Amino acid sequence: MKPARLMLIATALSLAACDHGAPQAAAPIAKAPAPATSAPRKPAAFTPPPESSIPDDDFGKQVALGRQIFIDTGRYAKAYVGNQLNCENCHLDAGRLAHSAPLWGAYPLYPAYRSKNHHVNTFAERLQGCFNYSMNGKAPALGDPVLVALESYAYWMSKGEPIGRSLPGRGYPKLTKPALAPDYGRGEAVFKRDCAFCHGGDGQGQQAAGRTVFPPLWGPESFNWGAGMEQVNNAAGFIKANMPLGRGNTLTDQDAWDVAYYMDAHERPQDPRFTGSIAATRAAYHDTPESLYGTTVNGQLLGAGSPDR
Ligand code: HEC
Ligand code: HEC
């Protein structure tokens, strides 16, 4: 993370802390978090090497470039990005943090079969998917310098790990089903209480000096309808472990499900696999209760796609 960005986030965090610490604002935060229903997560089984150990040679240059692409994607991989997000927004601490789908959790598990596209994906192809969906852009061709650098970074970070064994901390946590079906109204209340401060009341995040400080959660500058975060279970797991930023694991599972549902019940860029019909696109690619695409929530049929800004 760039020092300037770190400072912005640190300021926001301390503001958030002050705000929540002040007696008049203490109500929602001060009460002890209700007991969570999911089993406690195992600590990460792997510590990635420090950034300072990136070698000072041609390989190290690719590793360092991959890291820059990962944290400042719109700048270092501009041609392939169609929104205001960076990889790091969903894979925290430059892809190092356990339970936020760290790169070291992923790299040793590829090639792998993916039900999303019904074939075995190399790691490079897995990266291509991130550009098509999470970044709402277009995938660099296999062998493109952007993919070479990102793969070098992930490989370097995974040094010393066993191949083909899923280590604790991989991916996002899988939460058990909540007691009550996720609900838009309850999710909205959680959003206003715990998220809007940083992500904005309209979920559009905040930019400073052309950089995304707080990423948009929906709308034209966020991930599209084909992305993994569009699935309520993925979003709930990510949010439970990592949000509000700096206070991960303080939401109850129910709150995490509700606010994930609320977030994913908003319009965002169209699924690039759109067939021309929302119903047909749902049947082909979103035939799961975890996707709200093509369903009607809060009186609105989802899946029309956000209009371009
Ligand atoms: C909007 C959030 C978001 C953004 C932005 C994003 N990703 Fe992801 N990424 C996800 C989700 C969700 C998953 C699926 C996680 C899971 O299955 O537990 C994922 C999975 C992955 C995986 C596979 C993880 C595994 O354990 O198999 C890799 C590798 C990856 N992303 C790399 C990237 C790269 C590189 C970028 C930037 C070009 C990027 N992601 C941008 C949300 C995002
Ligand atoms: C203190 C500020 C802060 C608060 C409060 C906060 N977030 Fe975030 N959120 C961030 C930042 C910053 C990132 C990007 C992390 C990074 O790049 O290191 C982020 C990333 C995300 C992402 C992934 C990126 C994207 O745009 O989809 C989601 C989803 C998310 N937050 C949801 C939530 C939800 C839901 C809440 C409330 C429960 C919440 N956040 C509260 C600061 C915050």
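**A look around ligand 1 and the backbone**

Me: In this predicted model, is A94 buried or exposed?
Reply: The relative accessible area of A94 is 3%. The cut-off to apply is under 20% relative accessible area. A94 falls under that cut-off, so this residue, at 3%, is buried.

Me: Happy with that! What is phi of A94 near, and which helix holds this residue?
Reply: A94 has its place in a helix that spans residues 92-95, namely helix 5. A94 is a residue other than glycine, yet its phi is positive. The value of that phi is near 55 degrees.

Me: Let's turn to A209. Does A209 count as buried or exposed?
Reply: A209 sits in the loop between strand 3 (206-208) and strand 4 (211-214). Phi of A209 is positive too, near 50 degrees, in a residue other than glycine. The cut-off for the upper class is over 50%. With a relative accessibility of 85%, A209 counts as exposed.

Me: Which peptide bond leads into P111, and is it cis or trans?
Reply: P111 belongs to the loop between helix 6 (103-106) and strand 1 (112-114). The bond in question runs from Y110 to P111, and its omega is near 0 degrees. That peptide bond is cis.

Me: And what is omega near for the peptide bond from M243 to P244?
Reply: P244 is found in the loop between helix 11 (232-242) and helix 12 (253-264). The bond that joins M243 to P244 is cis. Its omega is near -10 degrees.

Me: Now for the ligand. Which residues come nearest to ligand 1?
Reply: There are 22 residues around ligand 1. They divide into 14 nonpolar, five polar and three charged. Those that come nearest are C87, C90, H91, Y110 and R170.

Me: How far is the side chain of Y110 from an oxygen atom of ligand 1?
Reply: Y110 is one of the residues that come nearest to ligand 1, and its bond to P111 is the cis one with omega near 0 degrees. An N or O atom of the Y110 side chain faces an oxygen atom of the ligand at 2.7 Å.

Me: Which residues have a side-chain atom 2.9 Å or 3.4 Å from a nitrogen atom of ligand 1?
Reply: At 2.9 Å, the polar side-chain atom belongs to H91. At 3.4 Å, the N or O atom is in the side chain of S134. The two names are therefore H91 and S134.

Me: Which helix gives the most to the shell around ligand 1?
Reply: The shell draws at least three residues from each of domain 1 (54-157) and domain 2 (173-301). The top helix contributes five residues and spans 123-132. That is helix 7.

Definitions and conventions. Residues numbered from 1 in each chain as written. Chains lettered and ligands numbered in written order. Predicted model: local features only at pLDDT ≥ 70, side-chain atom pairs only at ≥ 80, totals over all residues. Heavy atoms only, no water. Helix = DSSP H or I, 4+ residues; strand = E, 2+ residues; numbered from the N terminus. Buried < 20%, exposed > 50% of the residue type's maximum accessible area, 1.4 Å probe, protein only. Near = heavy atom within 4 Å. Polar contact = N/O pair within 3.5 Å; in protein donor to acceptor, adjacent residues only side chain to side chain. Nonpolar A, V, L, I, M, F, W, Y, C, P; charged D, E, K, R; others polar. Domains from an automatic or database assignment.
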